[in-house]
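Please look over the sequence and the 3D structure shown below. The briefing that follows takes up salt bridges, an aromatic pair, cavities and some points of the backbone.

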Amino acid sequence: MQALDAGEVRRWAAACVQSMDAHRADIDRINVFPVADGDTGSNLLNTLRAALEALLRAPVDERSDAGGAFSVLAKGAVTGARGNSGVIVSQFLRGVAETVHDQHEVTGPLLHKALVRGAELATAAVSKPVPGTMLSVLDAAAAANSPDTLPEVAAAAAIAAADALDRTPEQLDVLAEAGVVDAGGRGIVVLLDALVAVIGGRPPELAAAARVSADTAAPRRPENPLVAAREDGSDLFAYEVMYLLEQATDVAALRDALDGLGDCVSVVGDGADLWTVHVHCNDVGAAIEAGIEAGRPRQIRVARFADAVSAEAGRYAKDRAVVAPVRGDDLAELFLAEGVAVLRVADGDEPTPYELLQVITGTGAAHVTVLPGDHGLMEIADEAAIRAVAAGQDVVVVPCASPVQALAAIAVHDPRRRAGDDVVAMAEAAAATRRGAVVVAAEDAITWIGPCKADDVVGFADGEVVLIEPGPPTADTLAKVACGVVDRMLAVGGELVTALLGRDAPAGVAESLADYLRTDRPEADLMVYRGGQSDSVLNLGLE
């Protein structure tokens with residue numbers, strides 16, 4: 001990928017929420033600065049969810065290009081910012097949005113400029129910046145040197161951020177004493193890793209591996225997360241006060257007043273007339289009164305550090321689930337027998353993202369893997385997954401262009417593995433499965449190997465037409481094309497052929513394929529299932 005369009009910006013926002021959800025507990029655990037209240041990961045997650053939700057709800061014309069999508073994302077983050085870390089991230093996104101606001105796509109050089117501006121605004125959001133925090137990590141990402149391609153700019157930023165994160169204990173004594181890196185800085189690395197993943201077309205779980213191969217990476221010390229009970233908050237300031245401010249008359253005076261009341265002060269805007277105010281203090285009333293004197297505060301939130309608890313515990317009934325939208329009743333029963341939650345797609349119908357979303361949320365699982373099993377269902381699966389992620393579920397779509405690839409993924413699914421490892425195994429199994437199909441042409445067409453007419457039998461291998469037999473279709477011509485497709489697929493090797501019989505597959509096709517393999521390709525085994533799909537006579541897979 002050489003440029004980010006509006007769709008990729010949305011996928012990155014969803015990947016950020018998904019990845020932050022996966023890392024939230026670890027980030028909360030190492031949160032010792034500026035207050036050891038164990039909520040940095042949660043605040044970042046809630047801020048990113050607010051940004052993604054704003055993007056999903058925005059009118060189409062406001063998010064039709066990359067610049068518009070980033071602008072909506074930034075405004076959503078400013079409005080929904082939680083905690084000091086959330087405010088900083090909102091300003092980072094605002095800086096990115098300012099840089100690309102009038103651009104249809106974001107290229108490598110433009111991404112670098114956006115990172116620089118984002119780091120500048122993030123630093124300006126803090127009244128007293130301190131080295132060794134997420135600001136240091138952002139500065140390092142913005143300063144990274146790389147060639148101009150989008151993947152190289154993103155990878156260089158992620159590598160520089162990770163290296164800067166490792167150095168944070170050298171800059172802050174409190175981190176060194178606890179044996180941890182900066183929690184907010186780790187959150188920044190998660191966001192940049194998600195960007196690398198989206199640009200590389202990988203699930204977020206594979207993002208860290210995309211930075212650089214182990215043999216070329218600089219040595220990295222192992223992380224030593226702080227495992228300890230949460231402290232009750234700052235000894236000096238017991239409360240966190242946040243609110244939105246409109247019709248502000250003197251922002252500088254407000255910032256000065258809050259500096260006199262507490263610490264971790266930030267008063268940041270969205271570039272228009274809305275400001276987000278944050279402070280740690282003891283005198284809650286005075287912090288709110290300062291806002292009233294400066295403008296019109298709303299959405300006032302007050303949290304006592306001693307009361308901080310995780311709102312996520314017990315939300316889900318189980319840890320893991322697999323979901324698949326399926327064409328064909330027999331195939332649906334096959335998936336159900338493997339414990340997969342199924343959305344049945346009727347002949348000629350296209351499901352909506354909301355129908356698939358209902359199945360995803362209905363699993364009651366914290367981690368959901370979606371197997372579209374059809375290239376035409378990929379976009380719907382992506383949309384449903386993005387909305388589920390915005391609501392708090394960890395959802396990954398494994399690319400599957402054929403139901404045989406979904407079957408291969410299910411075959412290696414193991415709920416006893418870590419969720420990320422299981423997704424990787426399923427994605428690798430699907431990608432390693434070559435796909436073929438035998439269909440009857442519905443109309444005249446021109447193909448790469450010549451013209452075909454309606455009722456001709458057409459053979460596909462990995463999405464390309466490789467055989468055409470004149471119609472009308474008979475059991476013999478269908479079997480001939482099926483054997484021809486398998487022969488071409490086996491030319492580069494393979495051990496297992498999977499045949500998925502469609503609703504209109506005539507008797508004898510599977511037997512003809514078995515006879516061919518037994519006599520001409522004895523090294524390959526054959527598995528036959530009744531799929532019942534109407535869009536093909538036969539789906540083929542080769543592993």
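R11 has a relative accessible area of 30% and is therefore partly exposed, where buried means under 20% relative accessible area, exposed over 50% and partly exposed in between, computed with a 1.4 Å probe on protein chains only. Its side chain meets that of E8 in a salt bridge, with 3.3 Å from N to O, a salt bridge being a side-chain nitrogen of Lys or Arg within 4 Å of a carboxyl oxygen of Asp or Glu. The model is a predicted one, in which local features need pLDDT of at least 70 and side-chain atom pairs count only at pLDDT 80 or more, while totals for chains, interfaces and linings use all residues. Residues are numbered from 1 along each chain as its sequence is written, and side-chain values use heavy atoms, with hydrogens and water left out.

**Salt bridges**

- A search of the whole structure finds 26 salt bridges, and the bridge between E8 and R11 is one for which the positions along the chain can be described: the two residues are three apart in helix α1, and so are separated by about one helical turn.
- E8, in contrast to its partly exposed partner R11, is buried, because its relative accessible area is 15%.
- Helices (H or I, at least four residues) and strands (E, at least two) are DSSP runs, numbered from the N terminus.
- Another salt bridge is formed by the side chains of R327 and D374, at 2.8 Å from N to O, and this pair links distant parts of the chain, since R327 lies in strand β5 (residues 318-327) and D374 in the loop between β7 (365-370) and α15 (378-390), 47 residues apart.
- R327 counts as buried because its relative accessibility is 17%, and D374 is likewise buried, with a relative accessible area of 17%.
- D414 and R416 also meet through their side chains in a salt bridge, at 3.0 Å from N to O; here D414 counts as buried at 17% relative accessibility, whereas R416 counts as exposed at 75%.
- R94, E98, R117 and E120 are joined into one network by salt bridges that share partners.

**The aromatic pair**

- One aromatic pair is present in the structure, where rings of Phe, Tyr and Trp (its six-membered ring) pair if their centres lie within 6.5 Å, and planes under 30 degrees apart count as stacked, over 60 as edge-to-face and the rest as tilted.
- The partners are W12 and F70, whose ring centres lie 6.1 Å apart with the planes at 55°, so the pair is tilted.
- This pair links distant parts of the chain, with W12 in helix α1 (residues 6-29) and F70 in helix α3 (residues 66-80), 58 residues apart.
- Both W12 and F70 are buried.

**Cavities**

- There are three cavities of 30 Å³ or more, a cavity being, on a 1 Å grid over the protein atoms alone, a set of points where a 1.4 Å probe fits but cannot get out, with lining residues having an atom within 4 Å of a point.
- The largest cavity has a volume of about 90 Å³, where grid points are joined across faces, edges and corners and a volume is the space filled by probe spheres set on the points.
- Among the residues that line the largest cavity are W12 and F70, together with L4, F92 and L111.
- The elements giving two or more residues to this lining are α4 (83-100), α5 (108-124) and α9 (183-200), and the largest share, three residues, comes from α4.
- The lining of the largest cavity divides into 10 nonpolar residues, no polar and no charged, with Ala, Val, Leu, Ile, Met, Phe, Trp, Tyr, Cys and Pro counted as nonpolar, Asp, Glu, Lys and Arg as charged, and the others, Gly among them, as polar.

**Backbone points**

- Most residues other than glycine have a negative phi, and most peptide bonds are trans.
- A cis peptide bond, with omega about 0°, joins G471 and P472, and P472 is found in the loop between β13 (464-469) and α18 (475-490).
- Q299, which is not a glycine, has a positive phi of about 50°; Q299 lies in strand β4 (residues 296-304) and counts as partly exposed at 42% relative accessibility.
- D455 also has a positive phi, near 80°, and its place is in the loop between β11 (450-452) and β12 (457-461), where D455 is partly exposed with a relative accessible area of 41%.

Note on methods. On a 1 Å grid over the protein atoms alone, a cavity is a set of points where a 1.4 Å probe fits but cannot get out, and a pocket is an open set with protein on both sides within 12 Å along at least five of seven lines; lining residues have an atom within 4 Å of a point.
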